[in-house]
Amino acid sequence: DESSLALLPYATGISERANISFLFIEQSDAVGVSSSYRAFIDGLLARRVVQHLELGPMSDASIRELVQAVLELEDPEGVPAEIIQRAEGNPWFAQELASAWQRGEDEIPVNVAAAATARLNVLDDTAQDIVNSIAICPDGAYIGWLERMADQKPRQFVRTMESIISTGLVVEDENFVAISHPIYR
């Protein structure tokens, strides 16, 4: 947003004295990028104070290791070739494909967003509302707030939360619940 962008030049100016590091992640095909952000980044690049790392797809061997771990296979040769091929080097999608494969789902999701949406769609309306509410809380949502919002009896709310957590979309940390799935963060 524009107010955050206005703060960036100041924050980076003091970072040299305060030893602060910043990490910016850009999507190469992003649209609607603010011109003030672009000018700021171009200025940093011109000053040569930026380490620019371009991320690419993971190798097939790395994806195979990841899928092997998700499927808990002893032999990496047991990893289905379809998962390696369809993941196209994307580790999040490889995990989704492996999880779907492990659950024995007939329809393997076509991409990460479809996989996450499929996980969300198995939940009832109240649970979906809770997940969406958690997603708008960057630091996680207080469980008491979610319980009041759900307006369910305590046992029913516990079952609802168990069904949400079983999807892998969220994680629970004592009294807070946060989005764990990268597509919903």
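Which residues of α3 are buried? In this predicted model, local features need pLDDT of at least 70 and side-chain atom pairs count only at pLDDT 80 or more, while totals for chains, interfaces and linings use all residues. Residues are numbered from 1 along each chain as its sequence is written, and side-chain values use heavy atoms, with hydrogens and water left out.

The buried residues of α3 turn out to be I63, V67, Q68 and L71, where buried means under 20% relative accessible area, exposed over 50% and partly exposed in between (1.4 Å probe, protein chains only). Helices are DSSP runs of H or I with at least four residues, strands are runs of E with at least two, and both are numbered from the N terminus. Viewed down the axis of α3, the buried residues fall within an arc of 140 degrees, so they line one face of the helix; the arc is that of the directions from the helix axis to the C-beta atoms. E65 and A69 sit exposed on the other side of α3. The buried set packs against α4 (81-87) and α5 (91-103), with contact taken as heavy atoms within 4.5 Å. Just after α3 comes E72, with a positive phi near 55 degrees.

Over in strand β2 (residues 170-173) lies E172. Its relative accessibility is 48%, so E172 counts as partly exposed. Setting aside neighbours within four places in sequence, E172 is in contact with I143, I165 and V177. On the same terms, I134 touches A141, L146, V170, V177, A178 and I179.
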